[in-house]
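Trainee: I would like to go through the labels on this model and ask what each one rests on.
Mentor: Go ahead.

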Amino acid sequence: MNCPVCKEPMIILELNKVEIDFCPNCSGIWLDEGELELLYSIDKPDNELQKLFQQTTSSKEKSYKCPICRKRMIKTQFSNTDLILDRCPQNHGIWFDKGELEKVLTIKSNSSSEKILALLKDMFSYNKSQEAE
């Protein structure tokens with residue numbers, strides 16, 4: 001699968017036993033439908049987490065195409081914050097630009113999200129050390 005932003009091939013990483021698609025070029029992350037709930041260790045498909053995402057028409061950010069169905073994604077505001085994410089209109093998943101998944105996990109924190117935040121920090125530390133070489 002290619003990155004919806006820079007069109008480079010994404011690699012699969014495992015976070016908390018969930019496979020995610022990561023773009024090593026722009027550091028964006030694609031989560032397939034239901035993977036965010038798995039990261040939070042939430043079993044119910046219709047949970048309060050999904051209610052935190054509200055479609056917005058006020059964003060002027062560029063819209064990207066879903067890497068699965070190629071339909072233009074809709075801009076979605078997270079939990080009444082200024083955080084705007086890209087969500088597939090066919091519910092294939094959510095795109096997080098660099099650092100946005102960390103912000104979501106920080107805003108809606110639980111024990112699972114704290115574990116994932118630690119893993120993401122390890123991953124980004126690794127990338128920074130690679131850039132220094």
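Mentor: Note that this is a predicted model. Start with Lys75 and Asp86, whose side chains meet in a salt bridge, with N and O 2.6 Å apart.

Trainee: Why is the contact of Lys75 and Asp86 called a salt bridge?

Mentor: The N to O distance is 2.6 Å, and the rule asks for a Lys or Arg nitrogen within 4 Å of an Asp or Glu carboxyl oxygen, so the pair qualifies. Lys75 lies in strand S5 and Asp86 in strand S6, so the salt bridge ties together parts that are 11 residues apart in sequence.

Trainee: How do you know whether Lys75 and Asp86 are buried or exposed?

Mentor: Buried means under 20% relative accessible area. Lys75 has 8%, so Lys75 is buried; Asp86 has 0%, so Asp86 is buried.

Trainee: Which other residue forms a salt bridge with Lys75?

Mentor: Glu61 does, with the closest N and O atoms 3.4 Å apart. Glu61 sits in the loop between S4 and S5, 14 residues from Lys75 in sequence. At 38% relative accessibility, Glu61 falls between the 20% and 50% limits and is therefore called partly exposed.

Trainee: What makes Glu61, Lys75 and Asp86 one network?

Mentor: Their salt bridges share partners. Lys75 bridges to Glu61 and also to Asp86. The count for the structure comes to two salt bridges.

Trainee: Why does Asp21 have no salt bridge?

Mentor: The nearest side chain of opposite charge, Arg70, is 13 Å away, and the cut-off is 4 Å, so the pair does not count. Asp21 is buried and is found in strand S2 (residues 18–22). Its contacts beyond four places in sequence include Met1, Ile12, Trp30 and Asp32.

Trainee: How do you know that Cys3 and Cys26 form no disulfide?

Mentor: The sulfur of Cys26 is 3.6 Å from that of Cys3, which is too far for a bond because the limit is 2.5 Å. The structure holds zero disulfides. Cys3 is buried, with a relative accessible area of 1%, whereas Cys26, with 24%, is partly exposed.

Trainee: What makes S1 and S4 edge strands?

Mentor: Strand S1 (11–15) and strand S4 (53–55) each pair on one side only. The sheet is open, with seven strands in the order S1-S2-S3-S7-S6-S5-S4 and antiparallel pairing. The twist averages 35 degrees from one strand to the next.

Trainee: How do you know that S3 and S7 pair?

Mentor: Strand S3 (residues 29–32) and strand S7 (residues 93–96) share four bridges in the antiparallel sense; at least two are needed, so they count as paired. Leu31 stands opposite Ile94 in S7.

Trainee: Which helix packs on the sheet?

Mentor: Helix H2 (residues 100–107) does, touching S3, strand S5 (74–78), strand S6 (84–87) and S7. The direction of H2 makes about 110 degrees with that of S7.

Trainee: Last one: why is Ser79 called partly exposed?

Mentor: Its relative accessibility is 25%, and the class runs from 20% to 50%, so the label follows. Ser79 lies in the loop between S5 and S6. Leaving out residues up to four places away in sequence, Ser79 touches Leu52 and Ile107. Ser79 and Phe53 are 26 residues apart in sequence and 6.2 Å apart in space, C-alpha to C-alpha.

How values were computed
Residues are numbered from 1 along each chain as its sequence is written. This is a predicted model: local features need pLDDT of at least 70, side-chain atom pairs count only at pLDDT 80 or more; totals for chains, interfaces and linings use all residues. Side-chain values use heavy atoms; hydrogens and water are left out. Helices (H or I, at least four residues) and strands (E, at least two) are DSSP runs, numbered from the N terminus. Axes are lines fitted to C-alpha atoms, for helices over the stretch in contact, and angles run from 0 to 180 degrees between N-to-C directions. Contact means heavy atoms within 4.5 Å. Buried means under 20% relative accessible area, exposed over 50%, partly exposed in between (1.4 Å probe, protein chains only). Lys and Arg count as positive and Asp and Glu as negative; His and the chain ends are not counted.
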